[in-house]
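The following exercises concern a single protein chain. Each task is followed by a solution that proceeds step by step.

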Amino acid sequence: MSVSQGTIKEQSEAKLSVSNEKNTGGVLLTTALMAGYSMIYMDKNMISTAIIPIAEQFHLSTSQTGLIMSLFFLGYSLMQIPGGWLADKIGYKKVLMLSLSLITIFSFAFGLAGSLLMFILIRFLAGIGHAGYPPSCSKGIAENFPKTRRTFIQSLILSTSGIGGILAFVIGARLIDSNWHYAYYALGTMFAISLILVAFLVPDSHPAAKTKTEKKQVSFKSVISNRNVIILFVAMLLANVAFYGNMSWLPTFLKTKFSLSISTVGVILAVNAIGGTLASIFAGVLLTKYFAGKEKLLLMCCSVLSSLLFLGLVFSNSLALSIAFLYVLTFLLTTIFVGIFSWPHKILPEKVIGSSIGIVNTGGTLGGFIAPMAFGALISMAGGTFSVVFITLAIAVVICGLVILTIKTEK
């Protein structure tokens, strides 16, 4: 039985058409997820600048402003695991839209707030809104991309941490300098635009059809007790203690040690944010092309080098050398973060990716909640010196690397 050349040509064109549709859909999905994530990171960065005029206007102490920022991470931490569970149960797109809707509302509400209690409550609720976004993004990646591409796509989306930082430093800071209320109205508007992009560009979840040969459903209890999930949770907590501990006190450290102006420190950190964006993408390439199956080696090396650079910041009296240490440190910490965050795509079932990422990222948000307060207390106990902070961070990041070595991977 022969097949005509025309039939073969039609079949080839049909396959090419399907391939092009998938590629286009993947680009649109990635674009929408990156837009939302950029706003997520812009919000996280913008609050540290907005808190300055808010504190002046409402005569708030540093402990009160610290409470406003910390309660955000508390709400974030409490809802990470439920957010991931919801992404697995009702579909990632519904949770993405719910998350962006809540943040949009609370961004506008923050601009209208006028008391300490309202600031604390709104930031706590905003943290709850934020919590659903990371695990839902990861679930969307797992459902729409093959395993071989997931790590790179995840790193591409995480590169928005730098984009969000740039937006916060460039657009957000200027609006805050003019009127902090307007800054949050603008932020709420941008979140609303991100919500519209997700609504139109992100495909609905399509759970795989059940078959007779399908493995039995993996329970949430088995996920939360999974050895690798627990290890990644601890590793992410330590990694973010290092990351947020460094970023929380770095501006004050640079300003105090080298007698810099706030604007100069801002320029240094803005360039660092750009480097963080590039580092996230490059980390995805490293983990996908050059260290696939050798993630432990890469992340352990990054941990040891990060520890040495933290010590370098303590003992260096050269501004140029300290800035160089900072930029390399950002690259290494970003690689560790991307490696830990994307690892569940390689070692866990697709159907529980949302729950798994929710648990792992809870470790990260707890690190963000603990680090600023804990290191602030350490600085006070040490009489205002920052050396104790960076030495502690050097120890924490090495322990993170050692924890990563205990992950079990298939041979």
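**Exercise 1. Identify the polar partner of the S322 side chain and describe the setting of S322.**

Solution. The side chains of S322 and S316 are joined by a polar contact of 3.4 Å; a polar contact is a pair of N or O atoms within 3.5 Å, where, within protein, one must be able to donate a hydrogen and the other to accept it, and residues adjacent in sequence count only if both atoms are side-chain atoms. The model is predicted: local features need pLDDT of at least 70, side-chain atom pairs count only at pLDDT 80 or more, and totals for chains, interfaces and linings use all residues. Residues are numbered from 1 along each chain as its sequence is written, and side-chain values use heavy atoms, with hydrogens and water left out.

Next, place the residue: S322 belongs to helix α13, residues 319-342. Helices (H or I, at least four residues) and strands (E, at least two) are DSSP runs, numbered from the N terminus. S322 counts as buried because its relative accessibility is 1%; buried means under 20% relative accessible area, exposed over 50%, and partly exposed in between (1.4 Å probe, protein chains only).

Finally, list the neighbours. Not counting residues up to four places away in sequence, S322 touches F258, L313 and S316, contact meaning heavy atoms within 4.5 Å.

**Exercise 2. Compare the surroundings of S356 and T365, two residues of helix α15.**

Solution. Begin with S356, which is found in α15 (residues 353-381). Its relative accessibility is 0%, so S356 counts as buried. With residues up to four places away in sequence not counted, S356 touches V223, V229, P344 and L348. The C-alpha atoms of S356 and I224 are separated by 7.6 Å, although these residues are 132 residues apart along the chain.

Turn then to T365, which also lies in α15. T365 counts as buried because its relative accessibility is 4%. A polar atom of the T365 side chain lies 3.0 Å from the backbone oxygen of T362. Leaving aside neighbours within four places in sequence, T365 is in contact with F73, Y76, S77, Q80 and N240.

**Exercise 3. Which residues line the largest cavity, and which elements supply them?**

Solution. First, the lining consists of A239, N240, F243, L333, I336 and F337. On a 1 Å grid over the protein atoms alone, a cavity is a set of points where a 1.4 Å probe fits but cannot get out; lining residues have an atom within 4 Å of a point. Second, α10 (227-258) and α13 are the elements that give two or more residues to this lining. Third, the volume of the largest cavity is about 30 Å³, a volume being the space filled by probe spheres set on the points, which are joined across faces, edges and corners.

**Exercise 4. Does the span of α16 agree or disagree with the expected value, and which of its residues are buried?**

Solution. The expected span of a helix is 1.5 Å times one less than its number of residues. The 18 residues of α16 (residues 387-404) should therefore span 26 Å, and the end C-alpha atoms are 26 Å apart, which agrees. The buried residues of α16 include V389, F390, L393, A394 and V397.

**Exercise 5. State how many helices and strands the protein chain has, and what share of its residues is buried.**

Solution. The chain has 16 helices and zero strands. Of its 411 residues, 48% are buried.

Conventions. 1 Å grid on protein atoms, 1.4 Å probe; cavity = no way out; pocket = protein on both sides within 12 Å on 5 of 7 lines; lining within 4 Å.
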